[in-house]
Structure formats: C-alpha cells, structure tokens
Amino acid sequence: MSGLRFAQRTAQGLLAESVRTIYFDHNATTPLDPQVRAVMLPFLDEVWGNPSSVHHIGRRARALLDDARDGCAAVLGCKGSEIVFTSGGTESNNLAVFGTARLLRDKGRHLITSSVEHHAVSHCFDYLERKEGFSVTRLPVDATGRVRVDDLRRALRPDTTLVSVMAANNETGTVQPVAELGALCRERRILFHTDAVQWFGKEPFANIHQFNADLVSICAHKFHGPKGVGALYLRSPLHPDPVQFGGAHEHERRAGTENLPAIIGFTEALKRFVRVPVFPRNILAPLTTRLLATVDACEGAHFRGSREHRLANTVSFTVEGADSIALMAALDIEGVCASSGSACTAGSLEPSHVMLALGASVAEANALVRLSLGRDNTAAEVEILCTLLPRLLRQVRGK
Ligand SMILES: Cc1ncc(COP(=O)(O)O)c(C=O)c1O
C-alpha cells in the first residue's frame with residue numbers, strides 16, 4: 001500500500017470515528033496518570049520560579065526541586081547527587097554515551113554496544129565511530145534477541161572504556177542479562193551503561209544497583225508520567241563530559257533551567273509505579289500468552305523475541321508477504337493501535353535493525369507488528385484482536 005493510500009485509509013478510519021480504540025502501543029508511550037497530573041498542576045500555576053534565582057520565589061522552586069530529587073533518590077536507592085534530570089530517554093542516552101566516551105578518550109577509544117539498541121543509543125555510537133575516531137564493537141544477539149555474556153567477554157579489550165546494553169528491548173520486549181553483563185564490566189573496571197527506559201514500571205525493581213551499571217537511563221512517559229522528562233543515574237563520582245552547555249545546572253552536568261512541573265510528575269510516577277510495577281505481570285502475562293497463541297496459529301506470522309525472557313506486556317511478530325505500513329493501517333482501521341517497532345520509524349518503511357539482528361530477512365524486517373499492552377487493557381480487547389487477526393493477515397497478504 002502506498003504512503004498516500006495509507007494516509008487516506010487512516011484518515012477514513014479517523015473520520016469514521018471507529019467504534020472503538022484498542023491501545024496496544026504502551027512501549028511507545030502511556031497516558032499521563034490522573035494522580036500524577038494532579039500533583040503537577042500547582043507547578044504549572046503557583047510554583048513558577050526559576051530554581052536558580054536567589055530571591056524567595058526562586059528559592060522556593062529550588063527547595064521543591066531538591067525535594068523531588070530526594071524523592072527520586074529514595075525510590076532508586078541512590079544519592080540525590082547521582083541523579084541528573086533530563087528531557088527523557090533520548091537525552092539520558094546521549095549524555096551517557098557521548099559524555100563517558102569523550103571523558104575517557106585518552107584512556108581508550110574502544111566502545112561496545114549491542115546490535116539491538118534503540119537509535120537513541122546506537123546513533124550516538126555511529127557518530128562517535130564516524131566523526132570522532134572511536135572503534136565500536138556491536139555485539140550480536142541470538143534468534144530471541146539476547147546478548148551472550150561470553151560474547152561480551154570476548155569483545156573486551158584493554159582500550160575498552162564503555163559498554164552499553166539495554167535492559168529490555170522496545171521492539172521485542174526481550175530482556176537482557178544486564179546484571180551479568182554489568183558485573184563483568186565492573187570486574188574489568190570498564191564503565192557500563194544500560195538504557196532501562198523499557199524496564200521501569202514493567203519489571204521488578206529493588207534499587208538501581210541491581211543492574212550493576214554505572215549509568216542508567218530512565219524516562220517518565222513509559223510508565224504513566226509526563227513526556228519530555230527523565231533521568232540519568234550516574235554512579236558517584238562519575239562526571240561525564242556535558243553534551244549541552246550554558247549553565248551550572250545539575251551539578252554542571254546538564255545546562256538548562258530545570259523543567260520543574262515535569263520533574264515533579266516524573267518523581268510522582270516513579271514513587272507510584274516502579275517499586276510495584278504499573279504493568280501488572282499477573283494480568284498481562286495471560287493476555288499476551290493468548291495473543292502469542294493466536295500469532296502462532298496464523299499462517300505466515302512468526303513470533304519474534306524470547307518466550308522465556310520477555311516483558312510480560314509485549315508480543316512482536318513478522319508477517320510473510322506483507323509490510324508494516326499495510327499491517328498498521330489494517331489494524332488502525334479496526335481501531336487497534338499497534339506499532340511497527342520503534343515509534344521513531346513509524347510511517348517509514350525502514351527495515352527494523354532489531355529484526356535484522358535477530359536474523360530476519362529485509363522483507364521480514366519490514367513487516368513487524370508490535371503489540372504492547374498496559375494496565376487498562378482487558379481480556380475482551382485481546383479477544384477482539386484474536387478474532388480479527390487471522391482475517392486481517394490474510395487480507396494484507398492478499399491470500
Ligand atoms: C529503549 C528506549 N530508549 C530510549 C527511548 C527514547 O526515549 P524518549 O522518548 O524519552 O526520548 C525509547 C522510546 O521509545 C526507548 O524505547
């Protein structure tokens with residue numbers, strides 16, 4: 001289906017105001033929780049000071065920012081000074097990768113990452129390799145999307161300064177053996193970063209040290225917090241080179257006036273939804289198991305990811321003889337919001353680099369459907385999709 005045809009059919013779908021909306025795209029984003037919103041509201045009105053101002057209006061904002069930092073630190077189990085508030089997952093990843101690679105460039109120029117990272121990580125490594133003379137090893141994954149610890153062990157070199165492997169993959173939901181990877185790096189005194197954007201709110205969280213990481217990226221809008229805010233945990237006394245300049249904010253690690261309403265919302269979402277994950281595994285696992293069984297039964301559909309090490313909310317599959325755009329359109333017309341992988345590539349027909357890394361062909365990597373459920377999804381919604389899916393796939397494949 002052409003882009004124009006897709007747009008027309010999507011528009012028709014919207015105009016027809018399809019009878020229902022079934023939102024199965026929680027790995028892209030989640031709605032703001034009403035209680036989080038309520039806590040943010042005063043910060044859009046009464047508390048409007050700049051935390052860097054020395055007068056009493058500014059000092060009040062500063063005190064509330066400090067409280068928020070302490071609140072985050074209490075949930076994460078770290079010091080307040082180990083948290084840098086950012087504009088979200090992308091910025092946290094950029095600061096982690098650029099900031100540490102450049103900080104340690106005189107010590108070594110070899111970096112390691114995986115072949116399934118989000119572009120907010122992988123494009124940083126690409127840039128460092130292309131423009132700044134670093135050498136980058138991209139670890140392969142097995143057919144389920146997992147990095148092997150032995151592959152990392154073999155890839156480590158005396159000049160390796162940074163390893164970055166995500167905690168859970170946004171496209172497949174595959175969970176990585178992050179604690180083991182981190183322990184290996186620590187043993188070898190090499191910095192370890194994990195993009196844990198898809199972990200928080202979904203998987204068990206005791207404290208930040210469980211990842212054995214020196215740097216951890218977090219983002220609020222994946223667990224019912226506001227968009228445009230997140231944090232980078234930095235194990236003390238690490239002080240990466242800044243990537244933005246213009247002020248001494250965040251202990252000189254991230255210049256720019258702090259987005260206090262968003263930080264307050266992020267803190268509230270962390271407090272409410274992380275220690276007890278807001279994505280309830282006991283409810284979501286049976287729902288996605290049902291979806292998985294339907295996918296398994298559909299001709300031409302192939303589950304992609306790990307059945308064993310998978311986020312309970314995520315099921316991804318490729319479809320033979322179809323493409324993602326047609327699949328997304330067919331689902332959207334029925335009111336079902338799904339994704340062809342990373343939201344950033346939605347609408348374009350770029351093959352998913354994650355699928356390619358899992359061993360899919362280019363055609364298969366262009367025909368990915370990701371279903372990611374959330375706390376408000378019901379068994380009835382899942383049944384609707386299970387009934388629809390075989391027909392939709394036949395239709396899109398022209399069978
Ligand atoms: C694994 C992962 N990392 C980073 C990001 C980027 O986060 P943000 O949207 O906050 O910039 C995303 C968002 O999809 C993600 O899934």
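Which helix lies across strand 10 and strand 12, and at about what angle does it run to strand 12? In this predicted model, the answer is helix 11, residues 324-333, which runs at about 40° to strand 12.

**The antiparallel sheet**

Strands of a sheet pair through backbone hydrogen bonds, and the pairing is either parallel or antiparallel. The sheet that includes strand 10 and strand 12 is open and antiparallel, with three strands in the order 9-10-12. Its edges are strand 9 (301-303) and strand 12 (368-372), each of which pairs on one side only. On average, neighbouring strands in this sheet are turned by 25° against each other, with direction ignored. Between strand 10 (residues 314-319) and strand 12 there are five bridges, in the antiparallel sense. At one position of this pairing, T318 stands opposite L368 in strand 12.

**Strand 6 and its neighbours**

Is strand 6 mostly covered or mostly open? Strand 6, residues 191-195, is mostly covered, since five of its five residues are buried. The burial holds for both faces: L191, H193 and D195 are buried on one side, and F192 and T194 are buried on the other.

Strand 6 has a parallel partnership with strand 5 (residues 160-164), made over three bridges. The chain gets from strand 5 to strand 6 by way of helix 7 (residues 178-187), and this β-α-β crossover is right-handed. Strand 6 also pairs with strand 7 (residues 215-219), again in the parallel sense and over three bridges.

H193 takes part in both pairings. It is the bridge partner of S164, and it stands opposite L215 in strand 7.

Helix 7, the helix of the crossover, contains E187. Is E187 buried or exposed? Its relative accessibility is 59%, and a residue counts as exposed over 50%, so E187 is exposed. Along the chain, E187 and A365 are 178 residues apart, and their C-alpha atoms are separated by 37 Å.

**Two pairs of packed helices**

Two packed helices are described by the angle between their axes and the distance between the axes. The table gives these values for two pairs.

| Helix pair | Angle | Axis distance |
|---|---|---|
| Helix 3 (residues 56-76) and helix 9 (residues 260-273) | about 25° | 9 Å |
| Helix 4 (residues 89-103) and helix 5 (residues 119-131) | roughly 30° | within 8 Å |

Why is helix 4 called roughly parallel to helix 5? The angle is roughly 30°, and angles under 35 degrees count as roughly parallel, so helix 4 is roughly parallel to helix 5. Helix 3 and helix 9 are therefore also roughly parallel to each other.

The handedness of each crossing can be added to this picture. Helix 3 passes helix 9 in a left-handed crossing, whereas helix 4 passes helix 5 in a right-handed one.

Which residues meet where helix 3 packs against helix 9? On the helix 3 side they are A61, L64, L65, A68, G71, C72, V75 and L76, and on the helix 9 side they are L260, I263, I264, F266, T267, L270 and K271. In the other pair, helix 4 contributes T90, N93, N94, V97, F98, A101 and R102. These meet A120, V121, C124, F125, Y127 and L128 in helix 5.

How values were computed: Residues are numbered from 1 along each chain as its sequence is written. This is a predicted model: local features need pLDDT of at least 70, side-chain atom pairs count only at pLDDT 80 or more; totals for chains, interfaces and linings use all residues. Side-chain values use heavy atoms; hydrogens and water are left out. Buried means under 20% relative accessible area, exposed over 50%, partly exposed in between (1.4 Å probe, protein chains only). Helices (H or I, at least four residues) and strands (E, at least two) are DSSP runs, numbered from the N terminus. Two strands pair if DSSP finds at least two bridges between them. A crossover is right-handed if, with the strands pointing away from the viewer, the path from the first strand over the helix to the second runs clockwise. Axes are lines fitted to C-alpha atoms, for helices over the stretch in contact, and angles run from 0 to 180 degrees between N-to-C directions. Angles under 35 degrees count as roughly parallel, over 145 as roughly antiparallel, 65 to 115 as roughly perpendicular and the rest as oblique. A crossing is left-handed if the near helix is turned anticlockwise from the far one by less than a right angle, and right-handed if clockwise. Contact means heavy atoms within 4.5 Å.
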